[in-house]
Amino acid sequence: MNTDEIRQLIKRELPIRIKEDQELQELIFELSKSMFPPKQQTEDRFDQILAELRSDREAQNQKWERYDQKCE
């Protein structure tokens, strides 16, 4: 069996086997951990981005309020 055949076999069989085999699920999870940030790190980044957007929106609102006051 060559490399391409093995890859095709994995692509075809893995989704089926992973549902049935807890040990296989854990193995794949452990192997993929190094490729993805932990959940908490992702949530922290998301929260940071939201805080920055909120801050930017507040700053823009203040600028518009000052502009409106000048126009009046």
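What follows is a chat about the chain shown above, which is a predicted model.

User: I'm new to this one. How many helices and strands does the protein chain have?
Analyst: Keep in mind that the model is predicted. Its secondary structure comes to three helices and zero strands. Reading from the N terminus, the elements run α-α-α.

User: And is the protein chain a compact globule or more spread out?
Analyst: More spread out. The globule rule gives 11 Å for 72 residues, but the radius of gyration here is 25 Å, well over that, so the protein chain is more spread out than a compact globule.

User: What does the C-alpha trace span along its principal axes?
Analyst: About 80 × 25 × 20 Å.

User: OK, so what share of the residues count as buried?
Analyst: Just 1% of the 72 residues. As for the surface, the accessible area of the protein chain is about 7,100 Å², and carbon and sulfur atoms hold 54% of that.

User: Which residues make a nonpolar patch on that surface?
Analyst: Met1, Ile6, Leu9 and Ile10 make one of about 390 Å². Take Ile6 from that group: Ile6 sits in helix H1, which covers residues 3-20.

User: Why does Ile6 count as partly exposed?
Analyst: Because its relative accessibility is 38%, and partly exposed means between the 20% and 50% cut-offs.

User: Switching to charges. How many positive and negative ones are there?
Analyst: There are 13 positive and 17 negative charges, and their mean positions lie 4 Å apart.

User: Do tell me about pairing, then. How many salt bridges turn up?
Analyst: A search of the whole structure gives five. In general, side chains of opposite charge can pair when their charged atoms come close.

User: Which residue does Arg17 meet at 2.8 Å?
Analyst: That's Glu13: the two side chains form a salt bridge, with 2.8 Å from N to O. Arg17 and Glu13 are four residues apart in helix H1, so about one helical turn separates them.

User: What other salt bridge does Arg17 form?
Analyst: One with Glu20, where the closest N and O atoms are 3.5 Å apart. Arg17 and Glu20 are both in helix H1, and their spacing of three residues is about one turn of the helix.

User: Are Arg17 and Glu20 exposed or partly exposed?
Analyst: Arg17 is partly exposed, because its relative accessibility is 38%. Glu20 counts as exposed, because its value is 58%.

User: Now helix H3. Which residue does Lys39 pair with?
Analyst: Lys39 forms a salt bridge with Glu43, at 3.8 Å from N to O. Lys39 and Glu43 are four residues apart in helix H3 (residues 39-71), so there's about one helical turn between them.

User: How exposed are Lys39 and Glu43?
Analyst: Lys39 has 63% relative accessibility, so it counts as exposed. Glu43 has 33%, so Glu43 counts as partly exposed.

User: Which residues do shared partners join into one network?
Analyst: Arg12, Glu13, Arg17 and Glu20 are joined into one network by salt bridges that share partners.

User: One last thing. Where is Asp47?
Analyst: Asp47 is in helix H3. Its relative accessible area is 46%, so Asp47 is partly exposed.

User: How far are the C-alpha atoms of Asp47 and Glu20 from each other?
Analyst: They're separated by 36 Å, with the two residues 27 apart along the chain.

Definitions and conventions: Residues numbered from 1 in each chain as written. Predicted model: local features only at pLDDT ≥ 70, side-chain atom pairs only at ≥ 80, totals over all residues. Heavy atoms only, no water. Patch = residues over 30% accessible without salt bridge, like charges linked within 9 Å, V, L, I, M, F, W, Y side chains within 5 Å. Areas by Shrake-Rupley, 256 points an atom, 1.4 Å probe, with all protein chains shown as cover. Salt bridge = Lys/Arg side-chain N within 4 Å of Asp/Glu carboxyl O. Helix = DSSP H or I, 4+ residues; strand = E, 2+ residues; numbered from the N terminus. Buried < 20%, exposed > 50% of the residue type's maximum accessible area, 1.4 Å probe, protein only. Rg over C-alpha atoms; globule rule 2.2 N^0.38 Å. Lys, Arg positive; Asp, Glu negative; His and termini not counted. Charge placed at Lys NZ, Arg CZ, Asp CG, Glu CD.
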